[in-house]
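Below is a set of questions and answers on one protein chain. Each answer works towards the value or name asked for.

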Amino acid sequence: MSQASLHGRWTVSSSDDDDDDEDIPPSGTTAPKPPEPVRTPVSSSLTIGSEARQSAARNQLNPVKFENSPSLAGKRKKEASDGSGWALSDSDEDDAEVKSDRQVDPPKRAPPNGERKKAKMESERPPSPHGRLYYIDEPDDFFESSVPCLNDTYRFYLNKVTGLDRKYNSGALHIRDILSPLFGTLKESVQFNYCFDIPWMVKQFPPEFRHCPVLIVHGDKREAKARLLQQGQPFPHVRFCQAKLDIAFGTHHTKMMLLWYEEGFRVVILTSNLIRADWYQKTQG
């Protein structure tokens with residue numbers, strides 16, 4: 001539809017959803033004042049038309065007032081939720097409200113009957129059945145006095161467990177049995193392992209081999225290496241060799257003995273560290 005006026009020719013177009021074209025008054029005439037709109041329920045007036053028209057009608061029925069006061073942010077939210085129109089909100093204020101709601105903790109209820117939570121006491125290691133000293137000395141018949149019955153088929157042995165009867169440790173070996181002179185005259189040894197207790201390890205050698213050269217192959221670094229070297233200071237026959245790995249992540253876990261005798265050479269593969277805890281009451285191989 002086109003209309004001529006003093007300012008030229010202009011055109012008014014309506015959407016496809018408009019059923020009737022509005023009458024445009026001619027130029028120079030005064031349009032009659034439209035009557036006051038009658039507010040009707042939204043459900044009855046928005047049954048026909050596109051979603052845009054329905055939203056525009058809802059906005060006219062429920063206009064939103066923009067206010068700068070942050071204290072009214074919640075009020076604006078409430079008005080927007082009550083109506084179905086568009087709402088203006090400040091993101092900073094909304095975030096602040098959400099954060100404040102999350103930070104508020106519900107009031108803690110007092111325990112019933114006035115019972116108060118008992119103070120947590122520091123847990124202490126349970127007492128050992130042997131008293132304050134965890135380890136007990138092995139009996140005299142614990143170690144082999146003659147060549148033990150070796151398994152020539154598999155050559156796999158379990159370690160002796162302190163505290164068991166001798167019959168249950170039959171066929172098992174202790175570190176003292178491995179280093180005993182029953183297997184030959186020891187000249188030198190190399191000990192590969194992850195954890196070391198140097199004073200305890202030296203005591204496991206029989207007196208006649210206690211001063212034979214021993215090379216410790218370890219993977220400790222920095223502070224751990226310094227502590228290990230400090231352990232070996234009282235024993236001049238003990239030397240150290242650090243196993244450096246070519247990879248960035250890894251640990252030297254090899255557990256092995258190289259025993260050089262006057263009669264020959266032995267290789268012993270272990271599953272236990274060279275500390276007493278691994279040879280005391282644990283089943284190792």
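Q: What area does the protein chain expose, and what percentage of it do carbon and sulfur atoms supply?
A: The model is a predicted one. The exposed area of the protein chain comes to about 21700 Å². The part supplied by carbon and sulfur atoms is 53%.

Q: What percentage of the residues of the protein chain count as buried?
A: A residue counts as buried when its relative accessible area is under 20%. The protein chain has 285 residues, and its secondary structure comprises eight helices and seven strands. The buried percentage is 25%.

Q: Which strand gives the largest share of the lining of the largest pocket?
A: The largest pocket has a volume of about 420 Å³. Of its 16 lining residues, those closest to the centre are Arg155, Tyr157, Arg266, Val267 and Val268. One strand, covering residues 265-269, contributes four residues to the lining, the largest share. That strand is β7.

Q: How many residues in the lining of the largest pocket are nonpolar?
A: Sorted by class, the lining has two polar residues and two charged ones. The nonpolar residues in this lining number 12.

Q: Is Met256 buried or exposed?
A: Met256 is found in strand β6, which spans residues 256-261. Leaving out residues up to four places away in sequence, Met256 touches Val190, Gln191, Phe192, Val267, Val268 and Ile269. Its relative accessibility is 18%. Because the cut-off is under 20%, Met256 counts as buried.

Q: How far apart in space are Met256 and Leu270, C-alpha to C-alpha?
A: In sequence, Met256 and Leu270 are 14 residues apart. In space, their C-alpha to C-alpha distance is 5.6 Å.

Q: Which residue has its backbone oxygen 2.9 Å from a polar atom of the side chain of Gln204?
A: Gln204 belongs to helix α6, residues 198-204. With 4% relative accessibility, Gln204 counts as buried. Beyond its neighbours within four places in sequence, Gln204 is in contact with His174, Ile175, Arg176 and Leu179. The backbone oxygen at 2.9 Å from the side chain is that of Trp200.

Q: What is the phi of Arg222 near?
A: Arg222 lies in helix α7, residues 222-231. Its relative accessibility is 67%, so Arg222 counts as exposed. Phi is positive here, in a residue other than glycine. The value for Arg222 is near 50°.

Q: Among contacts in the protein chain between residues at least 6 apart in sequence, what percentage join residues at least 24 apart?
A: A contact here requires heavy atoms within 4.5 Å. Among contacts between residues at least 6 apart, the percentage that join residues at least 24 apart is 60%.

How values were computed
Residues numbered from 1 in each chain as written. Predicted model: local features only at pLDDT ≥ 70, side-chain atom pairs only at ≥ 80, totals over all residues. Heavy atoms only, no water. 1 Å grid on protein atoms, 1.4 Å probe; cavity = no way out; pocket = protein on both sides within 12 Å on 5 of 7 lines; lining within 4 Å. Points joined across faces, edges and corners; volume = space filled by probe spheres on them. Helix = DSSP H or I, 4+ residues; strand = E, 2+ residues; numbered from the N terminus. Nonpolar A, V, L, I, M, F, W, Y, C, P; charged D, E, K, R; others polar. Buried < 20%, exposed > 50% of the residue type's maximum accessible area, 1.4 Å probe, protein only. Areas by Shrake-Rupley, 256 points an atom, 1.4 Å probe, with all protein chains shown as cover. Polar contact = N/O pair within 3.5 Å; in protein donor to acceptor, adjacent residues only side chain to side chain.
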